[in-house]
Every structure is written in C-alpha cells, then in structure tokens.
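Visitor: I am in my first year and would like to look closely at a single part of this model. Could you take me to one residue inside a helix and then lead me outward from there?

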Amino acid sequence: MKRAAGALGAVALLTLPLWLANAYHLHVTIMAGIFTILALSLNLLLGYTGQLSLGHAAFFGIGAYTSALLALKLGWPFWLGLPGAAALAGLAGWAIGRLALKVRGAYFVLVTISFAGVISLVSVNWMELTNGPLGLPGVPAPELAGVSLRTKPAYYYLVLAAVAGSYLLCHRLVHSRLGRAFLALRENESLAESVGVDPTRTLVLAAVVSAALAGVAGSLYAHYVRFVSPEVFLFSYTVTMVIMVVAGGKGTLAGPVVGAVLFTALPEALREAMAWQWQMLAYGVLLVLLVFFLPRGIVPTLTAWRR
Amino acid sequence: MGGVGEERRSLPPTLILDALLQHLVNGLVLGGTYALLGIGLTLIFGLMNLVNFAHGEFYTLGAYATFAALALGGLNFFVAIAAAIAVGAVVGALCERVLLRPLRGESIDTTMLVMIGLWIALQNGELLVWGGVAKSIPHPFPTAPLTLGPVGIAPLRVFVVATALVLIVTAWLLIQRTRLGRAMRATFQDRETAALMGVRIGRIHTATFAFGSALAAAAGALLGPIFLAYPSMGDLASLKAFSVVILGGLGNLAGATLGGLLLGIAEELGAGYVSSGYRDAVGFVIIILVLLFRPSGLFARTERIG
C-alpha cells in the first residue's frame, strides 16, 4: 500500500510537466522545489540540532551571487558554478558556526541575523563586484550536453533532481553517526558530551552542510530567474524558510518538503483570491493560527493521528 | 598616526574636532531612541524569555499613531506623542493577552514564531491602512538649528533626546521603585519563587509586554517626525533593538541603556568616517565582535540569563 503510493507519487512527479501544462503553475512548482532545498537545509540546523539560523537567506544569496558571478565574469558553466556556490556558502557557514556555535541559543540567532544584514549591505554597496542595487542581469541558463535548460519543463527536471539529491543527502546524514550526534546534542548536551560528542565541532559541521545546501538552492535560483539582485538577501526569505520548516514539522525529513510545497503554493493561490497586501496579512495570521492549532507541525501531527 | 592623508592634514585640527562633536551629538539623539527600543526588548526577553520579532512593529505603530493623532485627530503635538505611547501600551497588552498568555510554558521557538506571525500581520495591516507612501509627521519646532559652540542641533532633536532621557529615567524608576517593578524584578530572577510569593505572573507578563511595547512606540513617535513613517520602518528598528540588547547583554537593563547610546554614536561615526552606505552595518558588526570577545555583553559582570 505504502509502496504503491510512493511509486504513484514518483510517477506523478516525473511526468508532471506533461499534465501540468500551465507555465505559471510549472513556475510555482519550480520555486517550490528550490524552497524545498532551502527548507531541508534549514531543518538540518533548526530541526536536528535545535539551533535556529535567521540568516539563512545570506547563504542562499551567497550561492546565487557566486554562481552568477562565476558565470558572468569568468564564463564558468553552471556545473562548476553550482559546486562553487555550495563551497563558498559552506565556507560562510563554517565561519559563522565557528563564531557563534560556542555560545548558541539566542546568540546564534542574532549572529546569523547580523551576518545576513552585513552581507546584504555589502551586496548593495560593493558596486564593482555586485553592480549594487541594479543587480546582475543575463545570468545564463545551464546547458546539458549542448542543450540549454532554459525551458521550464527542462529546468523542472533539474530542480527535481537537485531536490531528490538534497533529500537523500539529508536522509543519509540524519541516519548516520553524525546525525545521531545532532539529536543527542539537541536533547541533552551534557549527556552527549559525556559519551564523546564534541558539541562545537558537530554543530559547525551541521552549519557547513546546511549552508552549502542553501548555496545550492541559491545557484539554482540564479540560473533559473537569470537575474540576481540584493533582494536575494531579503529577510522575508529567511522567514519563509522558518515558516516552512516549523509548519511542516521540524526534525522530520518529510516536514520541510510538505511545508515548502504548501507555503509556496498557498500564497500563490491566495494571490488569485485577494490583493497582495491582504495576502501577506493572511499569511501572518495563518502562521499564528498554525502555531496555536498545529504546534508540532503538519507531518508529526498526521503521524501521531494515524497511530 | 603617520597614515593620515595630505588633504586631511590640511584641515585645521579644530574643524576635525568640531565635526567629531557634531557626530557625537547626532549619535546621542539616535542613541536615546535606540536605548528606548533596547530597554523594552531586553525587558521582554529577560522576563518572558520571548524573542520578540514584533518589537519593531510597535515602533511603527508609535509613528503612525502620532501621525493619525496629528493629521486626523487634530491633537497638539505633545498630546499626540503621549497618545501614541498609550496606544503602544494598549495594543501591547492586548497582544500579550490574546497571543502569548495561552502559550505560556511553550518552547521559545513556538512563541518566537507567533511573534514573527504578528510582525507580518501588523506590518501588512499598516500597509493596508496607510498605503506604501511614506508619511511626513509635522512638528511645531522651528527648523533653524540651535548652535551650541561648534555644534548645530535642530530644536526637534533636542526635544527627542530630552524626552528619550526622561522616559529612560521613568522606566528606571518604575522598575526600581514601584511595587510592580519589584514584582517584575522578582519574576526576572526566579519565576517559580516569585509565583510562590504571591506575584501574579500572568499580570506581570502583560504589564511587561505592554511596557516594552509602549517604550518602542515612544521611540517611533519620537523618531517619526525626524525621519518619515512608512510600513516597513520597524524592520530596521527590530534589528537595531536586537543589536542593543546583545551589546548590553541579554536581560541587562543598564546595559541596554548604555548599549543604545553606544550604538547611536557608533553608527554616526561609522556613517561620518567610513561610508554612509554601511551605517546600518555598524550594529551588525558590533554584534559579531561582542559575541566574539564578550558574549555576555559589554557591561555584564555575570551572566544574567543561562
């Protein structure tokens, strides 16, 4: 039964561009995929180690700018830009982790916010590199075996592959020895330390992987929208990621996926029903309601209900 | 310092000093309002263990309430500011009762998320009511600056910094000298023991949130006439308030006061001597440096909160 549902889901995802003919709906689906990677990445920190990063848009933005600049200034293809973006974002995650994960908790939240704030201001002010508020237009679409992936169906498959890869990576990670160390630290730090888990080192590793994944999402975004501006650092992106993870269910693998799909599709659905100011207002109210009525998130609540 | 450039050395030293004094005075005006923001936030954090992302929205509320009282209510400028502070307190108390009281005992992530929701809802509510165009708040002060020796300062700014200082002192007196303040300090130190001693924690929480929100609204009402009122003005205010709180140490009142003044001055100096584009980066850099070298805040003798 479960296997059949899984196979059906996989077939539906693989054939989606065939039956979802509307280009706008396909666009929303691609964005949902990119946000799924971001939510998975944030979930590694927030869900599995219990550390909230409110600067995740910075890693996303670093990935987007790195990939775009490598393509525009050095002519690197997407397939080299993507690992480059992951590497630089991961490096930033390492630096922030080394800096802030000794103190943790509320301090980590604030260091990540500050980091995102500084990076965003740099992207506005460093005209020579980033072209300031005007942004970088003309980021090339990726090419695969000589074929440009500029059409939406082609890009959909690229993003789908990236989502699957990220999901598998997270799955492997949280079920590994390292993943168990994450959980041990989240639940009881002194106990974890007593069995030989090095808290700072473990948390920094989580931050590096999380940031690198966000960088991958940034690279995918840059080559999809094909324009990068300081808006990639918007705090509202970070907020969206947090909403997705918490609403979906933090500390589960399916949670961020459900959250990302729901909270990409929902605003778009609301957009047709109401003006955008009303829609954002509804978004805020909805978030409050979710916390009140589904405090653990959608996936854990459903799992508990089924038992 | 051998590295000073030729152009700069050609300025007479008195002029350099005058410019520095001017920056310090401007920084003090900003810093006073930052301190108001920081005191409110640090109280709410320390007492309620709440990361209040909606704090900046009460700042916005203060600015718009002043605008409404002046432009629509036709009130006197000073009455309008007092009214804005009262509106901040009432809305704050309401939010605490409706949103936070039912969640008492929930994890810090949960309440923070509710505050993020409140922040989004309030900000877009403001946008719906007032529209996206910035509003300029009229004030009765003459625009010609007062000159005090080498330093020029607009009368409005004198009023702002004076009012901010009065409010800071009022906050201090309220916390140190009143019965409510004593109950707040007791709750801050040890919630369970305070409850056992007959402190009604629920009321203290409502009072704290209302008080912190009123201080944020006061900051908005005071800075609104200097700058402009627009729906997203609270975002930067929130971030500044967080910088101040980190600078002073989480839950440290004296630290928040000094931290606010320090941040205001540091920003003015940064904008004056480094680059005005990086003005808002000063707070962020300070946060990072403080956490790197003195994670419990600049002014902490002991860690106040575990």
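Guide: What follows starts from one glycine of chain A and then widens to its helix, to the contact between the chains and to chain B.

Please keep in mind from the start that this is a predicted model, and that the predictor gives the complex an ipTM of 0.80 and a pTM of 0.81. The residue to find is Gly215(A), which sits in helix α11 of chain A, the helix that covers residues 199-225. Is Gly215(A) buried or exposed? Gly215(A) has 33 C-beta neighbours inside 10 Å, and because a residue with 20 or more such neighbours is called buried, Gly215(A) counts as buried. Leaving aside residues up to four places away in sequence, Gly215(A) touches Phe59(A), Ile62(A), Gly63(A), Ala85(A), Ala86(A), Leu88(A), Ala89(A) and Gly90(A). If you look for Gly61(A), you will find that it is 154 residues from Gly215(A) in sequence, while the two C-alpha atoms are 7.3 Å apart in space.

The surroundings of this glycine lead on to the packing of its helix. Two packed helices are described by the angle between their axes and the distance between the axes. For α5(A) and α11(A), that angle is about 145° and the axes are 7 Å apart, and α5(A) passes α11(A) in a right-handed crossing. The contact of these two helices is made up of 17 nonpolar, 9 polar and 1 charged residues.

If you follow α11 of chain A onward, you come to Arg226(A), in the loop between α11 and β4 (227-228) of chain A. Most residues other than glycine have a negative phi. Arg226(A), although it is not a glycine, has a positive phi of about 65°. With 16 C-beta neighbours inside 10 Å, Arg226(A) counts as partly exposed.

Let us now turn to the contact between the chains, where 31 residues of chain A are in contact with 33 residues of chain B. On the side of chain A that touches chain B, the elements giving two or more residues are α5 (78-100), α6 (105-125), α12 (235-248) and α14 (276-293) of chain A. Of these, α6(A) gives the most, with 12 residues, and by class this side of chain A has 26 nonpolar, 5 polar and no charged residues.

Across the contact, chain B offers a helix pair to set beside the one described above. The axes of α2 (residues 13-48) and α11 (residues 253-273) of chain B come within 6 Å and cross at roughly 140°, and here, too, α2(B) passes α11(B) in a right-handed crossing. The contact of α2(B) with α11(B) has 14 nonpolar, 12 polar and 2 charged residues. In the loop between α2 and α3 (55-72) of chain B lies Asn49(B), which has a positive phi of about 50° although it is not a glycine.

A last word concerns confidence in chain B, whose mean pLDDT is 85, with 94% of its residues reaching 70 or more. Within chain B, confidence is highest in helix α4 (residues 77-100), at 94, and lowest in helix α1 (residues 6-10), at a mean of 49. Over residues 1-8 of chain B, pLDDT stays under 50, and the model has 1 contact beyond four places in sequence for that stretch.

Technical notes: Residues are numbered from 1 along each chain as its sequence is written. Chains are lettered from A and ligands numbered from 1 in the order in which they are written. This is a predicted model: local features need pLDDT of at least 70, side-chain atom pairs count only at pLDDT 80 or more; totals for chains, interfaces and linings use all residues. Two residues are in contact if their C-beta atoms, placed from the backbone, lie within 7 Å. Helices (H or I, at least four residues) and strands (E, at least two) are DSSP runs, numbered from the N terminus. Ala, Val, Leu, Ile, Met, Phe, Trp, Tyr, Cys and Pro count as nonpolar, Asp, Glu, Lys and Arg as charged, and the others, Gly among them, as polar. A residue is buried if 20 or more other C-beta atoms lie within 10 Å of its own, exposed if 12 or fewer, and partly exposed in between; C-beta atoms are placed from the backbone. Axes are lines fitted to C-alpha atoms, for helices over the stretch in contact, and angles run from 0 to 180 degrees between N-to-C directions. A crossing is left-handed if the near helix is turned anticlockwise from the far one by less than a right angle, and right-handed if clockwise. pLDDT is the predictor's confidence in each residue, from 0 to 100.
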